[in-house]
Amino acid sequence: MSTVSVTIKEEAEAKKQAELIDYKMVTFSLGGKDYGIDIMKVKEIAKDSEFTYVPNTPAYVRGVYNLRGDIISIIDLRLMFNLYVEKKKEGEPENMIILRLSNNILGVIVDSTDKVVGVSSENIQPPHPLFGDINIKYISGVVEHNNRLYIILDVERIFGGEEELPEEREEKAEVEEVPGYPIPSEEKEELDLNFIADTLATFKGFYVTPVNYDWVKSRFDEWKGYRKTRNEDIQLRTPEEADEFLLSFYSPYTEELLGDDFLDEIKKILPKFESKTLSVWNPGCGKGFESYSMACLLKTLYPESRIKIWANDKDLLNITSAPNLIFQPENVPESLKIFLAEGRNGYQFKSEIKDLILFEFHDILNQNPFPDVDIIIARDVLSFLPLQDQEKLIKELEQKLKPNGILIIGNNERLTEYNWIPVEEAKISAYKRKLEE
Amino acid sequence: MRVEYINPFVEAAFNVLKEVLDENVKRGELYLKSTSQPVLGVAAIVGLAGDVEGRVLFDMRMDTAIAIASVMNSEKLEKLDDLGKATINELANMITAQAVTKLHDLGFKFDLTPPSIITGENMEVTDQGVEALIVPIELPQGKIEINVAVRERT
């Protein structure tokens with residue numbers, strides 16, 4: 001139980017930290033350690049291997065680089081701070097972060113760039129005098145995020161400041177040409193979008209991946225306009241704002257029985273099933289609304305078949321309420337009403353429907369020990385798993401679905417990047433397996 | 001794990017422990033696990049068969065086992081001797097049997113095997129293809145993790 005209370009504590013802490021994200025940084029690694037640079041100082045990320053060597057400069061100046069017409073100098077941070085430099089093969093590109101400082105633009109080479117991380121500035125702590133590798137005066141603070149400690153570099157101090165670095169002389173010539181160089185809007189937009197993706201994951205456990213990127217992108221454009229008219233910052237600062245952002249993501253009839261129109265759409269795309277047994281998998285079933293709807297639909301369409309629905313969720317509270325869910329008849333679609341029966345506590349589905357469904361407390365990322373199924377309905381499930389788990393589940397769905405089976409995912413989710421063929425005629429997001437010839 | 005199975009196990013564990021130990025029993029948050037898990041030192045196993053297949057494992061530290069056995073026998077045991085082991089076995093049997101009785105009332109038919117007890121350091125338990133429900137129970141004597149891994153017969 002101590003583990004449980006620890007996780008609760010951790011969650012509470014994570015929540016507390018998540019509440020105020022007001023400092024964003026681009027993170028990268030140098031000599032195996034994690035570092036961050038204030039996003040406001042970062043112009044862009046680039047990769048290249050060709051730098052023009054400039055003689056008579058310190059070793060850490062790798063040369064100059066042509067950034068779309070602007071000549072900027074490139075500094076190898078690892079050499080500058082006497083860290084281990086991994087030898088790159090001939091022609092292998094270096095990872096660069098292009099910095100926009102108050103008086104110039106320059107590029108730094110790092111081992112690898114990571115991502116944009118948002119933290120609360122309250123959590124940034126002053127540097128400890130024992131941080132060996134890099135002179136303490138160049139560090140503006142340290143911050144922990146997702147169990148990783150990031151050292152935040154003060155790039156203005158490193159490259160600006162009184163210390164006249166030799167390479168600055170060459171730069172000054174070109175800096176004058178580009179005073180206040182504006183960030184190209186495309187790149188700014190990408191950073192904004194990345195940051196929104198980051199906050200969605202923190203607040204709502206929603207992960208932006210190829211499965212939902214199209215929706216996120218269009219929602220982002222809409223959101224931008226909406227926030228502009230209200231004169232508000234585009235970023236999501238609270239879980240409530242993240243909720244608002246995701247409002248239009250959820251598929252129709254989330255947390256309620258599927259409506260007749262939706263059931264009709266499913267009916268249209270159901271293939272011809274040869275077998276006398278029909279099995280359905282409903283991962284992430286929540287309180288079981290989809291499972292009940294599917295049970296009724298299939299019972300109506302195939303009264304003679306043996307129907308089995310495997311419904312699972314890892315939310316204990318939701319899944320335990322599923323088998324005894326009470327319905328208000330006025331909320332039940334017409335076609336399902338015949339399956340309702342009045343019990344002691346209110347209306348429930350008849351046992352001929354209930355008996356078709358097996359509700360399980362189960363984490364779909366663990367092994368799924370049931371036989372192959374004809375239909376999978378997993379709406380808005382994938383998007384709430386991190387990319388790696390998403391891909392694992394997509395493979396699992398592929399393995400569990402029979403060759404002529406059908407997969408229904410969230411209306412705003414797509415599987416075009418994967419081994420699946422969309423069912424074109426459907427108004428809902430349905431897929432078939434791409435079978436190998 | 002089928003939702004209907006969860007409560008009988010949780011309730012049975014809670015009731016039996018409260019009754020035999022007459023102590024403050026607290027239940028932790030339930031969770032699922034599918035990877036190999038360390039065993040704390042003393043593990044009593046009861047097998048299940050019938051509508052399902054699987055097993056229930058009662059896992060605790062050696063000092064917890066000794067303390068519980070001492071309370072149940074109303075005498076201070078120094079080590080987990082035959083009497084102590086028999087006591088832990090009996091505890092496992094009582095909890096599982098009560099859960100199975102509750103399940104029987106709900107219409108599920110289970111049979112159980114006699115409990116066996118395993119003791120030792122640095123042990124792990126792995127269940128191929130079944131995920132385990134962990135019911136952590138906190139007692140003044142220490143903690144018992146009740147680890148239920150069952151699956152439907154298909």
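**Stop 1: a helix pair in chain B**

Select helix α2 (residues 62-73) and helix α3 (residues 82-105) of chain B. In this predicted model, their axes come within 9 Å and cross at roughly 85°. The two helices α2(B) and α3(B) are therefore roughly perpendicular to each other, since angles of 65 to 115 degrees count as such.

Now show the side chains at the crossing. From α2(B), pick Ala65(B), Ile66(B), Ile68(B), Ala69(B), Met72(B) and Asn73(B). From α3(B), pick Leu83(B), Gly84(B), Thr87(B), Ile88(B) and Leu91(B). Colour them by class: 8 are nonpolar, 3 are polar and none is charged.

**Stop 2: the rest of chain B**

Zoom out to all of chain B. Its secondary structure comes to 3 helices and 10 strands. Trace the chain along its sequence and the pattern reads α-β-β-β-β-β-α-α-β-β-β-β-β. Of the 154 residues in chain B, 38% are buried. Take the contacts in chain B between residues at least 6 apart in sequence: 67% of them join residues at least 24 apart.

**Stop 3: where the chains meet**

Bring chain A into view. The contact between the chains takes 19 residues from chain A and 20 residues from chain B. Which elements of chain A give two or more residues to the side that touches chain B? They are α10 (316-321) and β15 (357-361) of chain A. The most comes from β15(A), with 4 residues. By class, this side of chain A has 12 nonpolar, 4 polar and 3 charged residues. Keep β15(A) selected; the next stop starts there.

**Stop 4: the seven-stranded sheet of chain A**

Expand the selection from β15(A) to its sheet. Here 7 strands of chain A form an open sheet, in the order β15-β12-β11-β16-β17-β19-β18, with mixed pairing. At the edges stand β15 and β18 (420-422) of chain A; each has a single partner strand, so one side of each is left without a neighbour in the sheet. Direction ignored, neighbouring strands of this sheet are turned by 20° against each other on average.

Step inward from β15(A) to strand β12 (residues 306-313) of chain A. The two strands, β12(A) and β15(A), pair in the parallel sense over 5 bridges. Label Ile309(A): its bridge partner in β15(A) is Ile357(A).

Next, add helix α12 (residues 387-400) of chain A, which packs on this sheet. The helix α12(A) touches β11 (277-283), β16 (373-378), β17 (401-409) and β19 (430-433) of chain A. Its direction makes about 135° with that of β17(A).

**Stop 5: one side of a helix**

Stay with β17(A) and select helix α8 (residues 260-269) of chain A. Which residues of α8(A) are buried? They are Phe262(A), Leu263(A) and Ile266(A). These residues cover an arc of only 100° around the axis, which puts them on the same side of α8(A). The spacing rule behind such a pattern is simple: an α-helix has 3.6 residues a turn, so residues three or four places apart point the same way. To see what the buried residues of α8(A) pack against, show α9 (289-301) and β17 of chain A.

**Stop 6: the five-stranded sheet of chain A**

Move to the other sheet on this tour. In chain A, 5 strands form an open sheet in the order β8-β1-β2-β10-β9, and the pairing is mixed. Its edge strands are β8 (112-119) and β9 of chain A, each pairing on one side only. The average turn between neighbouring strands is 35° in this sheet, direction ignored.

Start at the β8(A) edge. Strand β1 (residues 23-30) of chain A pairs with β8(A) in the antiparallel sense over 6 bridges. Label Tyr23(A), which stands opposite Val119(A) in β8(A). Then add helix α5 (residues 185-204) of chain A: α5(A) packs on the sheet, touching β1 and β8 of chain A. The direction of α5(A) makes about 65° with that of β8(A).

Cross to strand β2 (residues 33-38) and strand β10 (residues 148-153) of chain A. They pair in the parallel sense over 2 bridges. Tyr35(A) stands opposite Ile151(A) in β10(A).

Finish at the β9(A) edge. Strand β9 (residues 139-145) of chain A and β10(A) pair in the antiparallel sense over 6 bridges. Ile139(A) has Leu153(A) as its bridge partner in β10(A). The hairpin of β9(A) and β10(A) has 2 residues between the strands; in it, Asn146(A) takes a positive phi near 50°.

**Last view: chain A whole**

Show all of chain A. There are 12 helices and 19 strands. Of its 437 residues, 33% count as buried.

Definitions and conventions
Residues are numbered from 1 along each chain as its sequence is written. Chains are lettered from A and ligands numbered from 1 in the order in which they are written. This is a predicted model: local features need pLDDT of at least 70, side-chain atom pairs count only at pLDDT 80 or more; totals for chains, interfaces and linings use all residues. Two residues are in contact if their C-beta atoms, placed from the backbone, lie within 7 Å. Ala, Val, Leu, Ile, Met, Phe, Trp, Tyr, Cys and Pro count as nonpolar, Asp, Glu, Lys and Arg as charged, and the others, Gly among them, as polar. A residue is buried if 20 or more other C-beta atoms lie within 10 Å of its own, exposed if 12 or fewer, and partly exposed in between; C-beta atoms are placed from the backbone. Two strands pair if DSSP finds at least two bridges between them. Axes are lines fitted to C-alpha atoms, for helices over the stretch in contact, and angles run from 0 to 180 degrees between N-to-C directions. Angles under 35 degrees count as roughly parallel, over 145 as roughly antiparallel, 65 to 115 as roughly perpendicular and the rest as oblique. The arc is that of the directions from the helix axis to the C-beta atoms.
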